[in-house]
Amino acid sequence: MDPSDLPISPLEQALHAARALVLADLVAGKVAEADVVSLVEESVVQRRWWVEQWPEGVSYVAGLIAQDVQDALLERYGRWPLCPVCGSGDPHALDVEPELGPDPHWVCHQAGVKVASVGSLSRATGSAS
């Protein structure tokens, strides 16, 4: 049997979808360089293990990977994604909410608004992805 004929598990489907969402946001922010994409891959590996330990958490994977990448970028490069809503004041990053839950989205706590779902930053920033 050809391995490509085998069905993809719900875990792998969720991980692939989460990877695609976070990569779309990185592209929207014009930061999808190879070393940054590697941060996404590292998070996917870690979250695969996490969901194998707690299968009920599969719907939380996209938000967790977005947070992992955001944290890794902060340590290496600075804040990401920068808020496209607030036009004045110090530049600040958006946050992922809920921290642990389904349907993750980027929010600006300073303006108190939901900016975009994870994977949809291009709509908020006006960049084509």
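The following exercises, each with a worked solution, concern the sheet, the helices and the nonpolar core of one predicted model.

Residues are numbered from 1 along each chain as its sequence is written, and side-chain values use heavy atoms, with hydrogens and water left out. Because the model is predicted, local features need pLDDT of at least 70 and side-chain atom pairs count only at pLDDT 80 or more, while totals for chains, interfaces and linings use all residues.

**Exercise 1. The sheet**

Determine the order of the strands in the open sheet and the sense of their pairing.

Step 1. Helices (H or I, at least four residues) and strands (E, at least two) are DSSP runs, numbered from the N terminus. Two strands pair if DSSP finds at least two bridges between them.

Step 2. β1 and β2 are joined by three bridges in the antiparallel sense; here Glu97 lies opposite His105 of β2.

Step 3. Strand β2, residues 105–108, also pairs with β3 in the antiparallel sense, over four bridges. His105 has Ser117 of β3 as its bridge partner, and Cys108 has Val113 of β3.

Step 4. The order of the three strands is therefore β1-β2-β3, with antiparallel pairing, by the definition of a pair. The edge strands, each pairing on one side only, are β1 (95–97) and β3 (113–117). From one strand to the next, the twist averages 40°.

Step 5. Four residues separate β2 from β3 in a hairpin, and Gly112 in its turn has a positive phi of about 70°.

**Exercise 2. The surroundings of β2 and the sheet**

State which residues of β2 are buried on its two faces, and which helix packs on the sheet.

Step 1. Buried means under 20% relative accessible area, exposed over 50%, and partly exposed in between (1.4 Å probe, protein chains only).

Step 2. In a regular strand, side chains alternate between the two faces of the sheet. His105 and Val107 are buried on one side of β2, and Trp106 and Cys108 are buried on the other, leaving both faces covered.

Step 3. Helix α3 (residues 61–76) packs on the sheet and touches β1 and β2, where contact means heavy atoms within 4.5 Å. The direction of α3 makes about 165° with that of β1.

Step 4. Gln67 is placed in helix α3. Gln67 counts as buried because its relative accessibility is 17%. Not counting residues up to four places away in sequence, Gln67 touches Val96, Pro98 and Glu99.

**Exercise 3. The helix pairs**

Describe how α1 packs with α2, α2 with α3, and α1 with α3.

Step 1. Axes are lines fitted to C-alpha atoms, for helices over the stretch in contact, and angles run from 0 to 180 degrees between N-to-C directions. Angles under 35 degrees count as roughly parallel, over 145 as roughly antiparallel, 65 to 115 as roughly perpendicular and the rest as oblique.

Step 2. The axes of α1 and α2 are 10 Å apart, and the helices pack at an angle of about 150°. This angle is why α1 is roughly antiparallel to α2. Among the residues making the contact are Leu15 and Leu26 of α1 and Val40 and Val44 of α2.

Step 3. For α2 and α3, the angle is about 135° and the axes are 9 Å apart. α2 is therefore oblique to α3. The contact includes Leu39 and Trp50 of α2 and Leu64 and Ala72 of α3.

Step 4. The axes of α1 and α3 cross at roughly 45° and come within 9 Å. α1 is therefore oblique to α3. Ala14 and Ala18 of α1 and Ala62 and Leu73 of α3 are among the residues in this contact.

**Exercise 4. The largest nonpolar core**

Identify the residues that touch the most other members of the largest nonpolar core.

Step 1. A nonpolar core is a set of buried Ala, Val, Leu, Ile, Met, Phe, Trp, Tyr and Cys residues joined through side-chain atoms within 4.5 Å.

Step 2. The largest core has 28 residues, and those touching the most other members are Val22, Leu26, Ile65, Val69 and Trp106.

Step 3. Two or more residues each come from α1 (10–28), α2 (34–53), α3, β2 and β3. α3 gives the most, with seven residues.

Step 4. Leaving aside neighbours within four places in sequence, Val22 is in contact with Val40, Ala62, Ile65, Ala66, Val69 and Val118.
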